[in-house]
Every structure is written in C-alpha cells, then in structure tokens.
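Trainee: Could we go through this model together? I would like to start with the overall fold and then look inside.

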Amino acid sequence: MSAKSARPTYDADQISKYLKHISLPEDSKDLFHAPGKLHHCNNALKFLTQLQRHQIATVPFENLSLHYSRDHTISLDPGYLFNKVVDRGHGGYCMENNCFFGTVLRSLGFNVFSAGARVNTGANGTGEDRWEGWSHMVNIVTLSSGQKYMLDVGFGGNGPIQPLLLNPSAAPTQHIAPAEARLVHENIPHNTDPNQKLWQYQHRIDPQSEWQTMYCFTELEFLPKDYEVMNFWTSQSRKSWFTYSVVAVKMILEGEDVVGTLVLSGGDVKRRVQGKTEHLRTCKTEEERVQALRDVFGLRLTDEERRGIGGMVTELKE
C-alpha cells in the first residue's frame with residue numbers, strides 16, 4: 001500500500017452529506033467527476049474556490065472543545081472530525097478544520113498534501129514580526145496543469161477566502177472588500193540562513209495600507225504524526241492562547257462572495273461587513289454566551305459540554 005493510499009478518505013455518502021451540509025450549489029457539483037476524475041483545471045479551480053467559500057461560511061473557526069467539554073482535548077481523527085463538523089454542525093480550530101477539509105479534497109480526487117505553518121503573532125498590532133513554532137496547517141493542491149494552490153479554511157477572519165497560487169509573481173487577490181491578500185516567497189528575519197525562503201501569506205485591510213504577514217509555510221509535506229505533536233502543544237500548553245480564550249469566527253457569504261465575518265471573542269460578539277464593524281452583543285454570563293453561540297453561529301452545546309467550562313479561567317461570571 002502506498003503512502004498516498006494510506007491516507008484516510010470519506011466515502012461517497014459522506015461526501016454527498018458534506019456537500020449538502022455546506023449548501024454547495026447543485027451546478028457547482030457538475031464541475032468535477034467524483035471521485036478521482038477531475039474536469040479541466042479551470043473548472044477544478046472554480047470548484048475549489050466555491051468549495052472553500054462555502055466551507056468557511058458554514059464551518060466556524062472555533063476552539064469550544066477546549067472549554068466546553070469534559071476532557072478539554074482536540075482530536076484530529078478524520079472520522080471524529082466528520083461527526084463533529086457534519087453530523088453535529090460544529091467547527092474547530094486550524095488543524096481540525098484543515099485536516100477535515102484536506103480529507104474532503106482527497107476524497108474528491110484532488111492531489112493534495114498538508115504542510116505546516118508558522119504564525120506571525122506580531123501581525124496583531126505589536127508593530128514587529130514575532131514568529132512562533134509550527135502551530136498551523138495548510139493544504140496544498142496540485143492541479144493537472146502542474147500549478148500549486150494553497151487552501152486554508154482554519155485561520156479565522158483574516159484567513160484566505162480562495163485558493164492562492166504558489167507563484168511569487170501572482171497579483172494580489174481580493175479579500176473581503178476592501179481588503180486584499182497575496183503570497184510572497186521570501187526569507188523571514190528570524191532565520192539565520194538568509195537563503196532559505198518560505199511562502200508567506202499576507203493581508204492588508206485596504207489598498208492604501210501596509211501588508212501584514214499572517215503566517216509562513218513550506219512545501220514540505222507534514223505527516224499525521226507531526227500534527228499530533230503540534231496539536232498537543234497548541235491545545236494543552238499554557239502559553240497557547242487557545243487555552244485561555246474562547247473564540248468563534250464564521251464568514252458571511254452573499255451569493256458566491258464573502259462579504260464579512262461574525263466574531264465572538266471572549267464575551268463580545270461583532271459583525272464586520274466590508275470594512276465596517278457592528279457590535280452585536282456583550283455576554284456577561286455563560287447562559288448569554290451559550291445563547292449567542294446558538295443564535296449567531298448555529299453552535300449548539302449539550303448540557304455536558306456546558307458544564308465543562310465550570311471552574312475554567314474562561315468561564316463567564318457576572
């Protein structure tokens with residue numbers, strides 16, 4: 001058995017259920033032959049774009065399992081993720097969403113592998129780059145033309161909203177207007193070897209603003225065991241912000257265009273559409289936040305999950 005064939009896939013019934021879950025338009029499904037026999041690469045790219053946008057508008061970027069659960073752990077098992085995302089209607093943080101999405105892409109017949117990424121925590125407004133260790137995952141798809149595209153469905157509000165071509169000469173793409181996004185292939189200052197170049201995903205809030213580097217990644221394939229190590233640190237270390245903050249982010253889709261985001265951070269819920277932010281509510285109690293998760297994000301918690309946050313640093317107490 002080859003290494004490629006050893007990677008998990010979802011069966012035809014699961015894929016059909018997933019496509020229905022993300023409300024992918026029926027005409028989009030005609031762009032490919034499933035599984036394994038893709039149409040012309042232009043159709044494949046169009047299909048990938050629609051698939052990615054419907055995924056990020058349906059499946060939230062969220063870390064609720066680390067706070068609203070009995071064991072406060074994260075599983076990257078593809079079967080568990082299918083149940084969590086499709087059957088239960090939840091989302092996950094970066095490695096959960098991208099592991100799930102990569103399995104979907106492989107099941108649809110795409111030539112896909114995942115790669116690790118380093119997040120630049122300095123992009124949050126500190127004014128200088130501050131690179132973390134490997135803590136993020138992206139998927140890289142190679143089309144029949146030989147062109148490679150990076151797809152990421154697990155980075156939150158500033159994350160990619162469409163496949164990005166791995167070509168340093170490619171023009172910036174439209175993000176949520178008026179924002180833009182692009183990939184550059186450059187060294188990062190923290191490297192001691194100036195000749196090592198990494199792909200860097202950059203975002204800016206409008207064409208007049210400075211580019212901010214969100215994260216960098218390589219074209220080296222990471223194995224499932226690599227993500228086990230990464231996931232353990234990201235989900236369990238006291239230094240990981242995922243362990244002391246509750247967050248949920250979902251994109252707003254109008255037609256086939258991503259026009260904004262819904263964000264819950266701590267107890268604040270906001271909607272940002274085309275550069276304008278609206279404050280929706282402030283949750284002061286757990287009851288209010290659980291209701292906001294249900295009403296705004298469609299995330300329903302069981303009684304057992306609700307009890308899981310009791311005594312945690314993230315529990316809301318009026």
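Mentor: We shall take the overall dimensions, then the cavity, then one helix. Please keep in mind that this is a predicted model.

Trainee: How many helices and strands are there in the protein?

Mentor: The protein has seven helices and 15 strands.

Trainee: What is the radius of gyration, and what would a compact globule have?

Mentor: The protein has 19 Å, and a compact globule of 318 residues would be near 20 Å, so the two agree. The C-alpha trace spans about 55 × 45 × 40 Å along its principal axes.

Trainee: And what percentage of the residues is buried?

Mentor: Buried residues are 51% of the 318. As for contacts with a separation of 6 or more, 59% of them join residues 24 or more positions apart.

Trainee: Switching to the interior, how many cavities of 30 Å³ or more does the structure hold?

Mentor: It holds one, with a volume of about 90 Å³. The cavity is lined by 13 residues, and those closest to its centre are Ile56, Phe61, Val153, Gly156 and Met251.

Trainee: Which element gives the largest share of that lining?

Mentor: Strand 12, residues 247-254, contributes three residues. By class, the lining has eight nonpolar, three polar and two charged residues.

Trainee: Now helix 4: is it mostly covered or uncovered?

Mentor: Mostly covered, since 13 of its 14 residues are buried. Helix 4 runs over residues 94-107, and its end C-alpha atoms are 20 Å apart, in agreement with the span of 20 Å expected at 1.5 Å a residue.

Trainee: What comes just after helix 4?

Mentor: Gly109, which takes a positive phi of about 100°.

Key:
Residues numbered from 1 in each chain as written. Predicted model: local features only at pLDDT ≥ 70, side-chain atom pairs only at ≥ 80, totals over all residues. Heavy atoms only, no water. 1 Å grid on protein atoms, 1.4 Å probe; cavity = no way out; pocket = protein on both sides within 12 Å on 5 of 7 lines; lining within 4 Å. Points joined across faces, edges and corners; volume = space filled by probe spheres on them. Helix = DSSP H or I, 4+ residues; strand = E, 2+ residues; numbered from the N terminus. Nonpolar A, V, L, I, M, F, W, Y, C, P; charged D, E, K, R; others polar. Expected span 1.5 Å × (residues − 1). Buried < 20%, exposed > 50% of the residue type's maximum accessible area, 1.4 Å probe, protein only. Rg over C-alpha atoms; globule rule 2.2 N^0.38 Å. Contact = heavy atoms within 4.5 Å.
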